[in-house]
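Here's a short set of exercises to work through with the model open in your viewer. Try each task before reading its solution.

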Amino acid sequence: MLPIERQQKVKELLNENHSMKISELSKKLDVSEMTIHRDLKPLIDDGTAIKTFGGVTLAHGGNRNPSTVEACVFCSRTINERLTYRLILPNNQIEMACCAHCGLLRHRQLGDKVIQAICPDFFRQTTISASLAFYVLDTSIDIGCCQPQILPFEWEEHAEKFVKGFGGKVYRFSEAKEAIFQKMNGNDQCSSKHH
């Protein structure tokens, strides 16, 4: 099967299932996971699919123009792909927050409605599961997004080393959601709306 044929088959599978693991696609198409990653790249680049933790999901509305400027679901700030926190909801809905600050606050609002959430590791820029991440709050580094800022890390060791150099405190996922909410004085409105 040619790459273009596999890409078409992947589109068909995503239309049927909405989300799939890389390993599932690999088995269904009888190719390596690396081949699936290569085949997915054009679909991700053109906005047809969105990479998730260990898999891929169909972008809402099918094809999307990747150059379309999107706004944060929480504070309406322009999305910076390098910081984006994605919330995957039922019926293949995806909400995007500009950073972990807004993502965690929105995640707290939505509660059990969130099927999965992903965000980039601050150091490595790899996609990680938000619920398994470690978060650094109150660091001296300014990433130019919402305040108080909160930075996600895949590994606790990386978060701890970051704190040693730049200050702050490390939190687990549920602790981070509450800590950012408390820092906002129990307010579900982001201060960046006023910037």
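The exercises below go from the whole chain to its sheets, helices and a single residue.

**Exercise 1. The overall picture**

Work out how many helices and strands the chain has, and what share of its residues is buried.

Solution. Start with the kind of model: this one is predicted. Next, count the elements: the chain holds six helices and ten strands. Then turn to burial, taking under 20% relative accessible area as the cut-off. Of the 195 residues, 47% are buried. The exposed surface comes to about 10,100 Å², with carbon and sulfur atoms supplying 49% of it. Finally, look at contacts between residues at least 6 apart in sequence: 58% of them join residues at least 24 apart.

**Exercise 2. The three-stranded sheet**

Find the strand order of the open sheet that three strands form, and say which strands are at its edges.

Solution. Trace the order first: it reads β1-β3-β2, and the pairing is antiparallel. The edges then go to β1 (19-21) and β2 (49-52), each of which pairs on one side only. Neighbouring strands here are turned by 25° against each other on average, ignoring direction. Now zoom in on β2 and β3 (residues 55-58), an antiparallel pair with four bridges. One bridge to pick out joins T52 to G55 in β3. Last, add the helix: α1 (residues 3-17) lies across β1, β2 and β3, and runs at about 120° to β1.

**Exercise 3. Two helices that cross**

At roughly what angle do the axes of α2 and α3 cross, and which residues make the contact?

Solution. Take α2 as residues 22-29 and α3 as residues 33-45; their axes come within 9 Å and cross at roughly 105°. Angles of 65 to 115 degrees count as roughly perpendicular. The two helices, α2 and α3, are therefore roughly perpendicular to each other. On the α2 side, the contact uses I22, S23, L25, S26 and L29, while α3 brings E33, I36, H37 and L40. Sort these contact residues by type and you get five nonpolar, three polar and one charged.

**Exercise 4. A residue in α3**

Is D39 buried or exposed, and what does D39 touch beyond its neighbours within four places in sequence?

Solution. Locate D39 first: this residue sits in helix α3. The relative accessible area of D39 is 3%, and the cut-off for buried is under 20%. D39 is therefore buried. With neighbours within four places in sequence set aside, the contacts of D39 are P3, R6 and Q7.

**Exercise 5. The four-stranded sheet**

Work out the order of the open sheet of four strands, and explain why one side of each edge strand lacks a neighbour in the sheet.

Solution. The order is β5-β4-β6-β7, with antiparallel pairing. At the edges stand β5 (93-97) and β7 (127-129); each has a single partner strand, so one side of each has no neighbour in the sheet. On average, neighbouring strands of this sheet are turned by 25° against each other, direction ignored. A helix joins in as well: α4 (residues 100-110) packs on the sheet and touches β4 (85-89), β5 and β6. The direction of α4 makes about 20° with that of β4.

**Exercise 6. Strand β6 and its partners**

Describe how β6 pairs with β4 and with β7, and find how many residues of β6 are buried.

Solution. Begin with β4: β4 and β6 are antiparallel, with three bridges. Here I88 stands opposite Q116 in β6. Now go to the other partner: β6 (residues 116-120) and β7 also pair in the antiparallel sense, over three bridges. On this side I118 has S129 as its bridge partner in β7, and C119 stands opposite I128. β6 and β7 form a hairpin with six residues between them, and Q125 in the turn has a positive phi of about 60°. As for burial, β6 is mostly covered, with four of its five residues buried.

**Exercise 7. Helix α6**

Which residues of α6 are buried, and which elements do they pack against?

Solution. Within α6 (residues 173-183), the buried residues are F173, A176, K177, A179, I180 and F181. They pack against β4, α4, β8 (134-137), β9 (150-153) and β10 (169-172). To finish, step past the helix: N185 follows α6 and has a positive phi, near 55°.

Definitions and conventions. Residues numbered from 1 in each chain as written. Predicted model: local features only at pLDDT ≥ 70, side-chain atom pairs only at ≥ 80, totals over all residues. Heavy atoms only, no water. Axes fitted to C-alpha atoms, helices over the stretch in contact; angles between N-to-C directions. Parallel < 35°, antiparallel > 145°, perpendicular 65-115°, else oblique. Contact = heavy atoms within 4.5 Å. Nonpolar A, V, L, I, M, F, W, Y, C, P; charged D, E, K, R; others polar. Pairing = 2+ DSSP bridges. Buried < 20%, exposed > 50% of the residue type's maximum accessible area, 1.4 Å probe, protein only. Areas by Shrake-Rupley, 256 points an atom, 1.4 Å probe, with all protein chains shown as cover.
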